[in-house]
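Trainee: Could you take me through one part of this model in detail? I'd like a connected story rather than a list.

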Amino acid sequence: MKEDKALIIIDVQNDFCPGGALAVPGGDKIIPVINELTGKFKKIIATQDWHPDSHVSFAMNHPGKNEYDVIEHKGIDQVLWPRHCVAGTEGAEIHPRLESKSFNLILRKGNNSEIDSYSAFRENDKKTVTGLDGYLKNLGVKKTYFTGLALDYCVFYSAIDSIELSFKTFVIIDGTRGIDSPSGNIDKAVSTMKEKGIEIINSNDL
Ligand code: VGL
Ligand code: ZN
């Protein structure tokens, strides 16, 4: 039988790991967990957050605003982040300890300077798609398993879109870490995911 599950590894990039521009606490701790998991999947997709320097999400592009302020841009709430994952920079590279040779697809998102893209499926306007839905469905994928960074942003929005797009959706919680900004955001993300029917599991459940 053709395998109907896919491992999706969100944004395990230098800038989201300790020492990076937008370091997620303990972000690099998930790397051995994910390396172990890749042996259990035949379909593996990784994403890269990939921004132009002029990106709307960078606080430096909004004079007078501070990092972590929330603004409204084109009717969408936007958190202002430190400059991170600029296309072509070392910070945007996949972390060197993450073993990428078994990845089938590396998908870049966040290229449009005007719209942020937390989800691997569509940009924050909720309309512009990345093509991942069609890619997975073409391969017969019915179950998606999410790992990566950050739990309360890109993993969260990707998992929410995944279940809305009718995939049976799992988040492998020890294969993720969160930013927790504002404080309490991780707990809120986890309870929202559970309410929506997303299963929160551990890597050794697989
Ligand atoms: C992310 C904030 C800004 C993420 C990306 O990968 O969770 N968070 N850009
Ligand atoms: Zn980003």
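**From a buried strand residue to the zinc site**

Mentor: Let's begin with T147, which counts as buried because its relative accessibility is 0%. T147 sits in strand β6. Keep in mind that we're looking at a predicted model. From T147 to L37 you go 110 residues along the sequence, yet their C-alpha atoms are 9.6 Å apart in space.

Strand β6 (residues 143-149) also carries Y145, and that takes us to the aromatics. Searching the whole structure turns up eight aromatic pairs. One of them joins F41 and Y145: the ring centres are 5.3 Å apart and the planes meet at 65 degrees, so it's an edge-to-face pair. F41 lies in the loop between α1 (31-38) and β2 while Y145 is in β6, so the pair ties together parts that are 104 residues apart in sequence. Both partners are tucked away: F41 counts as buried because its relative accessibility is 6%, and Y145 counts as buried at 7%.

Now look at W81 and Y153. Their ring centres are 4.9 Å apart with planes at 90 degrees, so this pair is edge-to-face too. W81 belongs to the loop between β4 and β5, whereas Y153 is in helix α3 (residues 151-164), so here the pair ties together parts 72 residues apart in sequence. W81 is buried, with a relative accessible area of 3%, and Y153 is buried with 8%. These two are also members of one aromatic cluster, formed by Y68, W81, Y118, Y153, F156 and Y157.

Y153 and Y157 from that cluster turn up again at the largest pocket, which has a volume of about 450 Å³. Of the 20 residues lining that pocket, V79, Y153, Y157, N185 and K188 are the closest to its centre. As for secondary structure, β4, α3 and α4 (185-195) each put at least two residues into the lining. Sort the lining of this pocket by class and you get ten nonpolar, six polar and four charged residues.

Y118, another cluster member, leads us to enclosed space instead. There is one cavity of 30 Å³ or more, and the largest cavity has a volume of about 90 Å³. It has 14 lining residues, and the closest to its centre are F16, L22, D49, Y118 and C154. By class, the lining of the largest cavity is nine nonpolar, three polar and two charged residues.

D49 is the link to the metal. The protein donors of the zinc ion (ligand 2) are D49 through OD, H51 through NE2 and H84 through NE2, at 2.0 to 2.2 Å from the ion. Along the sequence those donor residues follow the spacing D-x1-H-x32-H. D49 and H84 link distant parts of the chain: D49 is in strand β2 (residues 44-49), H84 is in the loop between β4 (76-79) and β5 (105-109), and they are 35 residues apart. Both D49 and H84 are buried.

What about the geometry at the zinc ion (ligand 2)? The four donor atoms around the ion subtend angles of 86 to 168 degrees, which makes the arrangement irregular. Four donors would count as tetrahedral if all angles lay between 85 and 135 degrees, so the upper end of the range, 168 degrees, rules that label out.

Methods
Residues are numbered from 1 along each chain as its sequence is written. Chains are lettered from A and ligands numbered from 1 in the order in which they are written. This is a predicted model: local features need pLDDT of at least 70, side-chain atom pairs count only at pLDDT 80 or more; totals for chains, interfaces and linings use all residues. Side-chain values use heavy atoms; hydrogens and water are left out. On a 1 Å grid over the protein atoms alone, a cavity is a set of points where a 1.4 Å probe fits but cannot get out, and a pocket is an open set with protein on both sides within 12 Å along at least five of seven lines; lining residues have an atom within 4 Å of a point. Grid points are joined across faces, edges and corners, and a volume is the space filled by probe spheres set on the points. Ala, Val, Leu, Ile, Met, Phe, Trp, Tyr, Cys and Pro count as nonpolar, Asp, Glu, Lys and Arg as charged, and the others, Gly among them, as polar. Donors are N, O and S atoms within 2.8 Å of the metal (3.2 Å for Na, K and Ca); water is not among the atoms, so sites may look incomplete. Four donors count as tetrahedral if all angles lie between 85 and 135 degrees; four count as square planar and six as octahedral if opposite donors are over 155 degrees apart and all others between 65 and 115; anything else is irregular. Helices (H or I, at least four residues) and strands (E, at least two) are DSSP runs, numbered from the N terminus. Buried means under 20% relative accessible area, exposed over 50%, partly exposed in between (1.4 Å probe, protein chains only). Rings of Phe, Tyr and Trp (its six-membered ring) pair if their centres lie within 6.5 Å; planes under 30 degrees apart count as stacked, over 60 as edge-to-face and the rest as tilted.
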